[in-house]
Amino acid sequence: MFDHIAFPIPYQTLQRAGTVQLDLKRLDLIHPHISGNKFFKLKYNLLKAKQQGCNTLLTFGGAFSNHIAATAYAAHAFGFQSIGLIRGEELATQALNPTLQTAHDLGMHLHFVSRAEYRLRHETAYLQQLQQRYPQALIIPEGGTNALALQGTQEILTEDDRENYDVICCAVGTGGTIAGIIESSSEQQQVLGFSALKGDFLQQEIQQWTNKQNWSLTDAYCCGGYARTSPELLQFMQQFEQQYAIPLEQVYTAKMMMGLFDLIQQRYFPENTRILAIHTGGLQGKLKTY
């Protein structure tokens, strides 16, 4: 079911001299479409759908959701129909952005719902109504974060990763990826999340999935909120890609790398800290120009 997946996952060294060692784990190279953390989050959900005889994947997302695009491709590739409940009924009358166009082209049925309805996406009664309306569907939460997703994201770190690095860094959207990384990290490691959203509510979301305390989260580099950018961020993306030939996208990975470089410059990490940053993919939503 998961043919053409690139393993082992490549690593790229960004910094060895100076105060820290910094490597990047290139999850973006796993698969051209189901890439990054989305492969790990969808893996066991897809296996469950197949085992239960479901013919449809139904999920939720915003207009820039990497999860929506990845789910649409996975459904297309593995013989499922797909339905995306998209936040914002006003989008129904607007031209599709690249993310939604990709999902549409892959056969996903896009249903644009009001923000009031979208807020019900975690409510049991609402989910039951959806299940009754689509009895052959496996309902996957927003961002793909559920127990099956954590089963997958716990596989991101290898034994070598646990032995060779002091700090693990990743971008955070719904919290499922970092929660899996926290759960599989060693007791000696610290896990640092760079939130793509403004506010501290993600702390509680992540804490639902782990009892460990070896992690922290910052929204200092979110540029004002989800999918928002700044001239500083776009300039950083351009300079980073020119220097390292590694593509970033502005919603998640660029914010993480900008924040991480800033913390290194501030000497936030102790001398000789070994840092592993996780490139979580999402490149389908990348800005084409700066």
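A residue counts as exposed when its relative accessible area is over 50%, and as buried when that area is under 20%. Values in between make it partly exposed. Asn 272 reaches 57% relative accessibility, so Asn 272 counts as exposed. The model described here is predicted.

## Four residues and their surroundings

Asn 272 sits in the loop between α11 and β10. Its phi is positive, about 70°, although Asn 272 is not a glycine. Most residues other than glycine have a negative phi. Ala 245 also has a positive phi, about 55°, and is not a glycine either. Look for Ala 245 in the loop between α10 and α11.

Which residues are buried and which are exposed? The table below lists four of them.

| Residue | Relative accessible area | Class |
|---|---|---|
| Thr 273 | 6% | buried |
| Gln 81 | 47% | partly exposed |
| Asn 272 | 57% | exposed |
| Ala 245 | 63% | exposed |

Thr 273 belongs to strand β10. What does Thr 273 touch, leaving aside its neighbours within four places in sequence? Its contacts are Thr 19, Val 20, Gln 21, Asp 166 and Val 167. With a relative accessible area of 6%, Thr 273 falls under the 20% limit and is therefore buried.

Gln 81 is part of strand β4, which covers residues 81–87. Its 47% lies between the two limits, so Gln 81 is partly exposed. Setting aside neighbours within four places in sequence, Gln 81 is in contact with Asn 55, Thr 56, Leu 57 and Ala 75. How far is Gln 81 from Gly 180? Their C-alpha atoms are 28 Å apart, and 99 residues separate them along the chain.

## The sheet

Now turn to the strands. Six of them form an open sheet. Their order is β1-β2-β10-β7-β8-β9, and the pairing is mixed. Which strands are at the edges? They are β1 (11–15) and β9 (215–218), each of which pairs on one side only. From one strand to the next, the twist averages 25°. Strands of a sheet pair through backbone hydrogen bonds, either parallel or antiparallel.

Take β7 and β8 as an example. Strand β7 spans residues 167–172 and strand β8 spans residues 190–195. They pair in the parallel sense, over six bridges. Val 167 has Gln 190 of β8 as its bridge partner. Val 172 stands opposite Ser 195 in β8. Strand β7 is mostly covered, with six of its six residues buried.

A helix lies across this part of the sheet. Helix α8 (residues 176–184) crosses over β7, β8, β9 and β10 (273–279). Helix α8 runs at about 175° to β8.

## Two helix pairs

The first pair is α1 and α2. Helix α1 holds residues 37–51, and helix α2 holds residues 66–78. Their axes come within 11 Å and cross at roughly 45°. That angle is neither under 35 degrees nor in the 65 to 115 range, so α1 and α2 are oblique to each other. The crossing of α1 past α2 is right-handed. On the α1 side, the contact uses Lys 38, Leu 42 and Leu 46. On the α2 side, the residues are Asn 66, His 67, Ala 70, Thr 71, Ala 74 and Phe 78.

The second pair is α10 and α11. Helix α10 (residues 231–244) packs against α11 at an angle of about 85°, with the axes 10 Å apart. An angle from 65 to 115 degrees counts as roughly perpendicular, so α10 is roughly perpendicular to α11. From α10, Glu 232, Leu 233, Phe 236, Met 237, Phe 240 and Tyr 244 make the contact. From α11, the residues are Ala 254, Lys 255, Met 257, Met 258 and Phe 261.

## The nonpolar cores

In soluble globular proteins, nonpolar side chains tend to be buried together. Here the largest nonpolar core has 78 residues. Which members touch the most others? They are Cys 169, Met 257, Leu 260, Phe 269, Ile 275 and Ile 278. Helix α11 (residues 253–265) gives the largest share of this core, seven residues. Apart from this core lies another, of ten residues, among them Leu 58, Ile 83, Val 113 and Tyr 126.

Ile 278 has many partners to trace. Not counting residues up to four places away in sequence, Ile 278 touches Leu 24, Lys 25, Leu 27, Ile 156, Leu 157, Ile 168, Cys 169, Cys 170, Ile 181 and Met 256.

Conventions: Residues are numbered from 1 along each chain as its sequence is written. This is a predicted model: local features need pLDDT of at least 70, side-chain atom pairs count only at pLDDT 80 or more; totals for chains, interfaces and linings use all residues. Side-chain values use heavy atoms; hydrogens and water are left out. A nonpolar core is a set of buried Ala, Val, Leu, Ile, Met, Phe, Trp, Tyr and Cys residues joined through side-chain atoms within 4.5 Å. Buried means under 20% relative accessible area, exposed over 50%, partly exposed in between (1.4 Å probe, protein chains only). Helices (H or I, at least four residues) and strands (E, at least two) are DSSP runs, numbered from the N terminus. Contact means heavy atoms within 4.5 Å. Two strands pair if DSSP finds at least two bridges between them. Axes are lines fitted to C-alpha atoms, for helices over the stretch in contact, and angles run from 0 to 180 degrees between N-to-C directions. Angles under 35 degrees count as roughly parallel, over 145 as roughly antiparallel, 65 to 115 as roughly perpendicular and the rest as oblique. A crossing is left-handed if the near helix is turned anticlockwise from the far one by less than a right angle, and right-handed if clockwise.
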